[in-house]
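Visitor: I'm new to this one. Could you show it to me and explain how the labels are earned?

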Amino acid sequence: CEDSTSFFTMKETDREAVATAVQRVAGMLQRPDQLDKVEQYRRREARKKASVEARLKAAIQSQLDGVRTGLSQLHNALNDVKDIQQSLADVSKDWRQSINTIESLKDVKDAVVQHSQLAAAVENLKNIFSVPEIVRETQDLIEQGALLQAHRKLMDLECSRDGLMYEQYRMDSGNTRDMTLIHGYFGSTQGLSDELAKQLWMVLQRSLVTVRRDPTLLVSVVRIIEREEKIDRRILDRKKQTGFVPPGRPKNWKEKMFTILERTVTTRIEGTQADTRESDKMWLVRHLEIIRKYVLDDLIVAKNLMVQCFPPHYEIFKNLLNMYHQALSTRMQDLASEDLEANEIVSLLTWVLNTYTSAEMMRNVELAPEVDVGTLEPLLSPHVVSELLDTYMSTLTSNIIAWLRKALETDKKDWVKETEPEADQDGYYQTTLPAIVFQMFEQNLQVAAQISEDLKTKVLVLCLQQMNSFLSRYKDEAQLYKEEHLRNRQHPHCYVQYMIAIINNCQTFKESIVSLKRKYLKNEVEEGVSLSQPSMDGILDAIAKEGCSGLLEEVFLDLEQHLNELMTKKWLLGSNAVDIICVTVEDYFNDFAKIKKPYKKRMTAEAHRRVVVEYLRAVMQKRISFRSPEERKEGAEKMVREAEQLRFLFRKLASGFGEDVDGYCDTIVAVAEVIKLTDPSLLYLEVSTLVSKYPDIRDDHIGALLAVRGDASRDMKQTIMETLEQGPAQASPSYVPLFKDIVVPSLNVAKLLK
């Protein structure tokens with residue numbers, strides 16, 4: 001089957017070759033002139049064919065030579081395998097025959113072991129006899145501080161002991177009596193090792209001092225520890241093969257060295273607390289500052305000096321940095337677990353969150369680049385920090401409430417002083433209350449800002465919330481102050497001045513709140529903060545309004561007698577009541593000039609309005625009824641003169657406010673025109689004009705006004721009343737009501753209608 005497949009493949013190949021040749025010949029003989037070159041083409045193709053055949057023959061010959069060589073090598077390998085097989089058979093036969101001979105050499109083997117032990121004993125004989133002397137010399141060297149020489153002798157002793165014990169172990173590992181005998185003879189060796197170790201640990205405990213005074217001593221200690229580490233490694237490697245470990249091994253002095261350093265660091269951190277809260281209120285600040293200084297100094301020494309005394313693979317600075325960080329973390333947790341006061345919590349958190357990672361400590365240029373602050377774990381966990389902040393906010397809340405209460409009580413004591421309050425640089429009366437309150441807020445916000453932006457915002461919210469409550473108490477106390485004074489106007493002596501100071505404080509509080517928020521609040525639309533401003537503004541305006549009202553009450557109590565003279569016979573005959581009123585008001589407003597502008601402006605307008613209302617009330621009280629046109633004219637003209645007198649006064653008081661306050665006095669003039677009218681038939685028209693101008697005027701006001709005229713008949717009064725009732729006038733948006741506060745005695749109205 002395979003021959004047949006090969007045959008068909010060859011035929012296919014021949015066909016492809018013929019087809020290719022035909023195609024090639026056709027390509028050569030496409031033009032007639034190419035026929036002349038047929039012979040040339042034939043010779044060239046014959047040469048190519050001969051060349052190909054020669055290469056094929058050479059290739060086949062090369063393949064045949066390779067096959068021949070390979071067959072020869074396989075034949076030789078077969079012969080070698082047969083020889084090796086025969087040799088292995090001969091060896092196996094010889095080994096079986098020599099087993100008995102090997103068994104008979106056991107005594108020789110034991111003799112060899114014994115000889116080895118004796119050789120070791122002979123070799124260490126000198127050391128064995130000189131053990132007591134070497135022990136004494138080693139002890140002396142340790143006491144003299146010659147640690148390297150002492151360690152060299154100690155190694156000799158340990159080497160002799162370990163060599164003897166090892167040979168004994170090889171000979172008879174179960175013979176504990178001889179092992180104990182050897183161990184006992186070298187018993188002082190372990191004591192020397194412990195004594196030397198104590199000296200090493202003492203040097204390591206003072207390593208930060210030693211490295212500056214005598215770095216060679218520290219280097220000697222490190223060399224001794226490194227020697228012991230090498231011996232430990234060698235013994236542990238031998239243990240894997242023999243199972244023998246000398247007593248006291250491995251010593252692990254490198255591990256103990258780091259343990260000693262860690263304990264030293266912890267002790268150094270804990271030992272920096274020199275004071276307690278009872279002895280020094282600033283104990284924690286002092287303690288943290290000492291820690292900062294010590295840790296920074298120690299790490300700089302470690303980086304610049306200690307690194308040179310230790311092998312690089314010890315990574316001494318990295319290990320010391322981790323030790324200090326862990327010791328600090330433990331110490332900070334211990335401090336956080338104590339019952340800290342608010343200022344102590346702030347000191348601790350400021351140190352932990354800011355100082356520790358600042359240029360004053362771990363970010364110090366002398367520690368760079370070895371110390372990467374970004375890789376240090378927090379000294380306190382977020383949970384502990386959160387608990388401390390909660391405690392701080394709770395304590396701060398209580399403290400702020402107490403401070404505000406105390407500040408208000410202190411301010412109240414000033415209100416009853418016999419001396420005037422202080423004035424600010426612009427001459428406005430004030431007390432120290434706003435400055436005390438906002439100085440306290442500033443201090444707490446500055447402290448909170450040292451810790452974090454979030455805490456600063458929380459403290460600001462807290463301050464504003466407590467300010468809200470405080471202002472409510474302030475309002476109540478100001479109200480009580482006013483009421484107590486009205487019960488006894490002789491006390492306190494400087495009531496007016498301190499009430500002015502209270503009013504001015506309201507403006508100061510407003511400005512201080514805005515300033516505080518602008519300074520400490522990044523986003524003024526933060527919920528819970530911005531919403532508190534309108535509420536406080538309302539309370540402050542209410543306090544100021546009550547204060548202004550109290551001062552005006554003071555004014556009008558002094559004016560009461562003179563206001564009662566208005567529109568009386570005495571007034572008509574030449575009373576100077578309005579003169580006294582103007583002088584009194586001006587005198588009071590000389591003191592009121594020390595009220596800050598926003599409240600003084602309102603107070604001046606209110607005083608103007610109230611004086612005019614009292615004047616109109618005097619008219620409506622019907623204290624006088626004019627009996628003749630001459631009296632009406634005289635009275636009306638006097639009213640106009642007094643209106644102008646009041647207008648001049650309040651223009652003077654309102655100068656600088658830029659407001660038109662003449663409208664109030666115009667009301668007196670308008671009423672005077674009704675009284676002055678000589679033709680009763682025009683009275684309805686004049687009254688209608690008055691009502692349209694002052695829509696809040698009522699029927700009883702008109703009745704009282706007609707009664708003052710004294711010439712209006714009953715029918716005329718009835719007609720005027722009925723007509724005015726048909727169409728009440730509409731008030732303009734800017735109209736300030738005056739008559740609505742004026743009550744006309746009902747008896748007089750009833751009498752008028754009879």
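Visitor: What covers the buried residues of helix 14?

Guide: Keep in mind that this is a predicted model. The cover includes helix 12, helix 13, helix 15 (382-415) and helix 16 (433-451).

Visitor: What makes helix 14 mostly covered?

Guide: Of its 14 residues, 10 are buried. Among them are Ala-342, Glu-344, Trp-351 and Thr-355.

Visitor: And how does the reach of helix 14 fit its number of residues?

Guide: Helix 14 runs over residues 342-355, and from its first C-alpha to its last there are 18 Å. At 1.5 Å a residue you'd expect 20 Å, and the value is close to that.

Visitor: Why is helix 12 called roughly antiparallel to helix 13?

Guide: Their axes cross at roughly 170 degrees and come within 10 Å. Angles over 145 count as roughly antiparallel, so the label fits helix 12 and helix 13. Where they touch, helix 12 brings residues including Trp-283, Ile-291 and Lys-303, while helix 13 brings, among others, Phe-317, Tyr-324 and Leu-335. By class, that contact has 14 nonpolar, 1 polar and 3 charged residues.

Visitor: How do you know that Cys-506 has no bond to Cys-548?

Guide: A disulfide needs the two sulfurs within 2.5 Å. The sulfur in Cys-548 is the closest cysteine sulfur to that of Cys-506, yet it lies 8.7 Å away, so it is too far for a bond. Searching the whole structure turns up 0 disulfides.

Visitor: Why does Cys-309 count as buried?

Guide: Buried means under 20% relative accessible area. Cys-309 has 9%, so it counts as buried. Cys-506, at 0%, counts as buried too.

Note on methods:
Residues numbered from 1 in each chain as written. Predicted model: local features only at pLDDT ≥ 70, side-chain atom pairs only at ≥ 80, totals over all residues. Heavy atoms only, no water. Axes fitted to C-alpha atoms, helices over the stretch in contact; angles between N-to-C directions. Helix = DSSP H or I, 4+ residues; strand = E, 2+ residues; numbered from the N terminus. Parallel < 35°, antiparallel > 145°, perpendicular 65-115°, else oblique. Contact = heavy atoms within 4.5 Å. Nonpolar A, V, L, I, M, F, W, Y, C, P; charged D, E, K, R; others polar. Buried < 20%, exposed > 50% of the residue type's maximum accessible area, 1.4 Å probe, protein only. Expected span 1.5 Å × (residues − 1).
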